[in-house]
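Dear colleague,

I am handing over the structure below, and after it you will find what came out of going through it. Please read the notes with the coordinates open beside them.

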Amino acid sequence: RRITRVHHAPGDALVSRARLHRLAELAQKVADLFGTHQDVEWAFAEDRLWLLQSRPVTAVGAIATAGGPTLGPGPVAETFPDPLRPLEQDLWLDPVGQGMAMAIARVHAAPKATLRSSPVVVCVGGRAAADLDLLGYSGGGKRGWRILDPRPPMRHLAGATQIGRARATMSAETDALLSATDEALARIPALERLSDGELLEIVDSCRDSLTELHTWEMLGALVTQRSTRSLAGVAMSELSAARATGVDEADIISQYPVVLVLTPPRIGPTRQPPPLRTDFRPDLSSGADPGIRELLRLRTRWVQELSARVAYEIGRRLARKGTLSAPGEVAWLRWSHVREQFGDHPGSVDISEAMSGFPGPELPARFRLADDGTVVPAERRGARPAGGTGAGGGRGCGPVAHNGSAAVPAGSVLVVRNLDPALAPALPRLAGLVSESGSTLSHLAILAREQNVPVVVGVHDALTRFAEGQL
């Protein structure tokens, strides 16, 4: 491709025409080298052009064709902070979308045509995102499920009626669901004793259970009061007590299963609980009820963990058969393909295509998809749109930190792209938390209100705007 035109500012331009041509030539060379459009950072020093950084950009040439709803990772990033491989998408992300859609349909929170045309949730390069327009997080005064309010009168009336019915039956139905889930989990024997067919049945049952749990979780967000106590705080208290009494790390989750809320689901060897500072002592003196939604989310995490362990056991069996070279490779298969491998006519398995280009780049907080699947940011970098929602408690001030590990210095204001359950242990020591996405209904937001830590979510381009060390 040839450079046909270079735009420049008239008058006293910051960059001369000659330098603009040199810059355009550099951009073209970098794009040719990497085989795709690049987001290039550059500098001129002593009339020499320096390439500082280059990374793929997905918006070039696609803006005109980007349509559909505004998407973003915010509503699902805390549940799935890590990229999801194909089997993880089938087992966990599909039930999220189905549950959301069923909850929205039940209370008439969106027109049927809108719901039918919505993807609800999507996965781009392994990264999960949700339809922000459908869920009311797309701005324009319709934030966080306020889509329930400005509806046409007849639909508003029908929705209000359904919300009333859901509220009236919520306690009894969710109590029954929680009990049934606990009983079903307690009946699962050691996985190695089960037949191949029984393992497949457990996974199918888990997918159905997750759809129902997500449906009631979303209904809980609509019709119940905001929780004042997070199970993340309970989990940290239990984890602290387990380590203080010398419980072996490998046994903590089996003895204190609430600790699972501090780790995201993943197919593979069982993850170890996150580190805690030895001086961590959460204040749980309030004794507040965590609420229906938190209890549903805990069961959701337990069912996800069961399906992950069953999938890994399936991977072990496929590895013993020689179908896979290692048990963890099962995560790169689709569920339909896994079922085929346990059928009468198993086929060959090639995971190279699924692994190619995985994971994709981080998703913008708000974006649309072009016709060819290209991600087009809805807001340009450096823009300052109105936004940001208070989700924690109190006020705070401190130096900015971008490292989201437990090593973040006490008194810092941690700035992150997405809320992650692994941040919970660091939260009580922070002066504040700022996230480019997320919601007031997240585990971390509830925990922040318990600990009186100020949190702001939905702050556009926060990682770029707030440099490390800045007060």
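Strand β3 (residues 67–72) and strand β5 (residues 127–131) are joined in the antiparallel sense over two bridges, with leucine 71 standing opposite aspartate 131 of β5. Strands here are DSSP runs of E of at least two residues, helices are runs of H or I of at least four residues, both numbered from the N terminus, and two strands are taken to pair if DSSP finds at least two bridges between them. This is a predicted model, in which local features need pLDDT of at least 70 and side-chain atom pairs count only at pLDDT 80 or more, whereas totals for chains, interfaces and linings use all residues. Residues are numbered from 1 along each chain as its sequence is written, and side-chain values use heavy atoms, with hydrogens and water left out.

The two strands belong to an open sheet of five, in the order β4-β5-β3-β6-β7, with antiparallel pairing. At its edges are β4 (121–124) and β7 (375–377), each of which pairs on one side only, and the twist from one strand to the next averages 40°. Helix α3 (residues 86–106) packs on this sheet, touching β4 and β5, and its direction makes about 150° with that of β4; axes are lines fitted to C-alpha atoms, for helices over the stretch in contact, and angles run from 0 to 180 degrees between N-to-C directions. Contact, here and below, means heavy atoms within 4.5 Å.

In the edge strand β7 lies proline 377, which at 36% relative accessibility counts as partly exposed; the scale used is buried under 20% relative accessible area, exposed over 50% and partly exposed in between, with a 1.4 Å probe and protein chains only. The C-alpha atoms of proline 377 and phenylalanine 367 are 4.2 Å apart, although the two residues are ten residues apart in sequence.

A second group of strands is built on parallel pairing. Strand β9 (residues 400–401) pairs with β10 (residues 413–416) in the parallel sense over two bridges, and alanine 401 has leucine 414 of β10 as its bridge partner. β10 also pairs in the parallel sense with strand β11 (residues 432–435), over four bridges, where valine 415 stands opposite valine 434. As for the side chains of β10, Val413 and Val415 point one way and Leu414 and Val416 the other, and all are buried. In a regular strand the side chains alternate between the two faces of the sheet.

Beyond β11, in the loop that leads to α13, is serine 437, which is buried, with a relative accessible area of 5%. Not counting residues up to four places away in sequence, serine 437 touches Gly74, Ala77, Arg417, Asn418, Leu419, Val457 and Gly458; its C-alpha atom is separated by 6.5 Å from that of arginine 417, 20 residues apart along the chain.

Helix α13 (residues 443–451) and helix α8 (residues 231–244) have axes that come within 8 Å and cross at roughly 75°. That makes α8 roughly perpendicular to α13, a word that covers angles of 65 to 115 degrees, with those under 35 counted as roughly parallel, those over 145 as roughly antiparallel and the rest as oblique. In this contact Ala232, Gly233 and Met236 of α8 meet His443, Leu447 and Glu450 of α13.

Why is α13 described as largely enclosed by the rest of the structure? Seven of its nine residues are buried, so the description follows from that count; they are His443, Leu444, Ala445, Ile446, Leu447, Ala448 and Arg449. These buried residues pack against α8, α10 (292–321) and β12 (455–457). After α13 comes asparagine 452, whose phi is positive, near 60°.

One charged residue in another helix may also interest you: glutamate 217, found in helix α7 (residues 196–223), is buried, with a relative accessible area of 8%. Leaving aside its neighbours within four places in sequence, glutamate 217 is in contact with Arg293, Leu296, Arg297 and Thr300.

For the chain as a whole, the secondary structure comes to 14 helices and twelve strands, and 46% of the 471 residues count as buried. Of the contacts in the chain with a separation of 6 or more, 66% are between residues 24 or more positions apart.

With kind regards
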